[in-house]
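Biologist: I have a protein model open on my screen and no idea how to read it. Could you walk me through it, one feature at a time?

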Amino acid sequence: MVNRKTDLVVQWLICILLLLLLMIIESSTTTTIGANFFNPYNVSYDNRAMIIDGERRMLISAGIHYPRATPQMWPDLLAKCKEGGADVIQTYVFWNGHEPVRGQYNFEGRYDLVHFVKLVGASGLYLHLRIGPYVCAEWNFGGFPVWLRDVPGVEFRTDNGPFKDEMQKFVKKIVDMMREENLLSWQGGPIIMMQIENEYGNIEHSFGQKGKDYVKWAAKMAVGLEPGIPWVMCQQTDAPDYIFFGGTNFGRTSGGPLITTTYDYDAPIDEYGLLSQPKWGHLKDLHAAIKLCEPALVAADTAHYINLGPNQEAHVYGAEGLNISWQGIQSPCSAFLANIDEHKSASVTFLGQSYTLPPWSVSILPDCRNVVFNTAKVGAQISIKTAEFGLPLLSAVQSMNKNKHSSVSKSWMTIKETTGIWSQNNFTEQGIWEHLNVTKDWSDYLWLKTRLYVSADDIAYWKKSRVNPAIVIDSMRDVLTVFINEQLAGSVDGHWIKVIQPVQFKQGYNDLVLLSETVGFQNYGAFFEQDGGGFRGQVKITGFRNGDVDLRNLFWTYQVGLKGEFLELYSEEETPMASWGDLSLDAIPSAFTWYKTYFDTPDGDEPVAVDLGSMGKGQAWVNGHHIGRYWTRVAPKNGCGTCDYRGAYYSSKCTTNCGEPTQTWYHIPRSWLRESDNLLVIFEEVGGNPFEITIKLRSTRTVCAQVSESHYAPVGKWSQVNLINGKVSKTDRTPEIHLQCEPGHVISSIEFASYGTPQGSCQKFSTSNCHAPNSLSIVSKACLERNSCSLQVSNSVFGIDPCRHIVKTLAVEAKCVLSSGIGSFQL
């Protein structure tokens, strides 16, 4: 019996030891994977290309600014960039986010740079780390911390000792951090390139010789840090901006000025993380087509130019001397055929073959023979995004459109903001001080208060002359609000504009309060650290009997920020000093007021937004997280028209939403939410109706595609092998239609399907006399209850030719729903 017990104990100990050994092995393996995403490799370059591990590469990069998304969003964004054809992720490094206080660093949450870089490596992507540390990017102060402005003797981005000292400290810290975390290429990490400075060529001339000396110093300093990978500078005026994901200006990070939270930029991935189709799909095809040309592009020193017509040309890479043998080509050859005529298609002959080029387009021939892509032929699907499931933040009785899967709060609470001086933490000085010198960007808001005496003679003079006094300021940015004796007198907004604000005084002493407000600081240009905020030039009151009153000669009391900010009314912690009261349904919209309520999170995993279209201007928080500034500004009514891709691009081309609010939906990341009782806090400056605020789901519910027999086969069907060998079957050349819902969604219904000559566009399709009657059943069988589906555009699929000798098109409109709402589905 004793021996049996002993055997059991020994067996038990052996099992434990084996388990521990397995855990140690697993831990060791995990550590290795985390530290080395690739086998260590060297990175260099020559006159043609980057050289990765001894091989010339043509790399496609996609821009993501990590603080403009949450860490929970990063993996999905990286996956969509990779699926879209990106090899490299590029990102700026945001100095003011990482060192908000001099010598105090922040690498947590949305600023966890190391975590972001490791996710890039884990995704099998390379990284271009654009340290700068100037970033521009419509980011507050161009990425510089405001404290840098107060360093004695500092001048930004020039041959200035104090600036260079601080810049070098930060750049060195980032480089050292990446090296210590084994994130450089020669350590098996994803970082293949770094950038020093940013877009300096656009302003270098403003600094004269000191600018030239500075840029040379920056290059020498960067190389001296010896990261073991190439450095670059970005300064070309003709270099394309390629933001793959714009994101959101959370908190007070937007620069500009006068920019709210959205940094969507109409990017291939929108600020919520949803694909913008057809842009994302069309770019994916373009990237794949260019990748097929990679062998020729990296091998050829220069392109051969061939004139194909008055407005047509070819740019050919490889196939030395163009002495091409289609079977067994001695060297790779790729060609780009361009038609720069904005109005007419053109037929051209290239190397003995005829090609038709649509207006203002480029055809890509990876093998100098077969067209795999044309920029004007869009085969990618169209996705229609909506904001659904409006959740009015009212009681359930009053909410008739409430999402059945969610509940809403029963009431709003409110508290008035103190206008003027609200604490003893203020100071009084003579004159008008520059805004940023006082606030240090701790807050957007700066209160200035003084007292004026108005005599009976002044009152009589105004009545007799029928004039009113006015505050006149030579130049002001971004918002000025005027209070007389605690009453709102008026408000003005603009960027360094002249102010003429009529005011009315009573006889005797009058309290004059000016609220100076900034909406993001300058982020671009030479000497922008001198831009500041507040007022410039003369600040006076006109209309007095004895002449103008120079307000710069008066004593002013200064108060930084809002009382509500100081009390942290947006916090989830109860504030004993705050006296919230219930807001009645018939309450009159009030300026400078705080509101709060609670709401439940809508079901599902679709992105969440709060619709603030009923509000005016202010800031919003959810569960203590600062969503950012909101401002319901209306765009100009003129400037919108028919959008045509043809012709040169300019900034106002294809403008949309004229006469509409520039932004009403504000992104609330799901990682900031809990299942129920989410706290929403609003600070409203000009007056709005919080009862009309709704919580919405941002989703892609409708997808459409329209592909004709004249389209090319999907680029993914081609490979460098079959192109070089010339083995391209007829089936490979058949065009296809492709539909795909967002991850976790399936196609629930086919709203329209027609193979023939359908008319109209997405959500407005209609059939014609040429129509295969089984179109709907064929498409439904292939697509229903699937996340994605594909069909060839050919008579063989539909078993009929609905109209002989006519080019036919397949047009489809489908609806997408959450997969949980339809049962099982197939990918």
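**Reading the model**

Modeller: Let's start with one residue, E138: its relative accessibility is 22%, so it counts as partly exposed, since buried would mean under 20%. Keep in mind that this is a predicted model.

Biologist: Where does E138 sit, and what is its phi?

Modeller: Here's the general idea: most residues other than glycine have a negative phi, and most peptide bonds are trans. E138 has a positive phi of about 50 degrees, although it is not a glycine. You'll find E138 in the loop between β6 and α5.

Biologist: Which residue in the loop between β9 and α7 should I look at next?

Modeller: Try D266, which sits in that loop between β9 and α7. D266 also has a positive phi of about 50 degrees without being a glycine. With a relative accessible area of 51%, D266 counts as exposed because the cut-off is over 50%.

Biologist: You mentioned peptide bonds. Which ones are cis here?

Modeller: One of them runs from G132 to P133, with omega near 10 degrees. P133 is in the loop between β6 (126-132) and α5. A cis bond also joins Q277 and P278, where omega is about 15 degrees. P278 is found in the loop between β9 (243-245) and α7 (279-292).

Biologist: Now helices. How do I read one of those?

Modeller: An α-helix has 3.6 residues a turn, so residues three or four places apart point the same way. Now look at α4 (residues 113-122): seven of its 10 residues are buried, so this helix is largely enclosed by the rest of the structure.

Biologist: Which residues of α4 are the buried ones?

Modeller: They are L113, V114, F116, V117, L119, V120 and G121. Just after α4 comes G124, with a positive phi of about 75 degrees.

Biologist: And which helix holds A782?

Modeller: A782 lies in α13 (residues 775-783). At 24% relative accessibility, A782 counts as partly exposed. Leaving out residues up to four places away in sequence, A782 touches C789 and L791.

Biologist: Let's zoom out. How many helices and strands does the chain have?

Modeller: There are 14 helices and 38 strands. The chain has 827 residues, and buried ones make up 52% of them. For surface, the chain exposes about 37900 Å², with carbon and sulfur atoms supplying 52% of that area.

Biologist: How much of the contact count comes from residues far along the sequence from each other?

Modeller: Take the contacts with a separation of 6 or more: residues 24 or more positions apart account for 75% of them.

Biologist: Which residues are the best connected in the largest nonpolar core?

Modeller: That core has 87 residues, and I89, L129, M178, I191 and M194 touch the most other members. Helix α5 (residues 161-180) gives the most to this core, with eight residues. Click on I89 and skip its neighbours within four places in sequence: its contacts include A62, I64, L78, C81, F116 and V120. F116 and V120 are among the buried residues of α4. There's also a second, separate core of 26 residues, with I473, F544, L551 and W556 among them.

Biologist: What about the gaps? How do I find empty space?

Modeller: Rolling a probe the size of a water molecule over the atoms shows where empty space is left. In this model there are two cavities of 30 Å³ or more. The second largest cavity has a volume of about 70 Å³. Its lining is made up of L275, Q277, Q381, S383, T700, Q740, C741 and E742. By class, that's two nonpolar, five polar and one charged. Q277 is on the cis bond to P278 that we looked at earlier.

Biologist: And what volume does the second largest pocket have?

Modeller: About 1100 Å³. The elements giving two or more residues to its lining are α3 (95-98), β30 (617-622) and β31 (625-631). The lining counts 32 residues, and P100, G251, R252, T253 and H626 lie nearest the pocket's centre. Sorted by class, the lining has 14 nonpolar, 12 polar and six charged residues.

How values were computed
Residues numbered from 1 in each chain as written. Predicted model: local features only at pLDDT ≥ 70, side-chain atom pairs only at ≥ 80, totals over all residues. Heavy atoms only, no water. 1 Å grid on protein atoms, 1.4 Å probe; cavity = no way out; pocket = protein on both sides within 12 Å on 5 of 7 lines; lining within 4 Å. Points joined across faces, edges and corners; volume = space filled by probe spheres on them. Helix = DSSP H or I, 4+ residues; strand = E, 2+ residues; numbered from the N terminus. Nonpolar A, V, L, I, M, F, W, Y, C, P; charged D, E, K, R; others polar. Core = buried A, V, L, I, M, F, W, Y, C linked by side-chain atoms within 4.5 Å. Buried < 20%, exposed > 50% of the residue type's maximum accessible area, 1.4 Å probe, protein only. Contact = heavy atoms within 4.5 Å. Areas by Shrake-Rupley, 256 points an atom, 1.4 Å probe, with all protein chains shown as cover.
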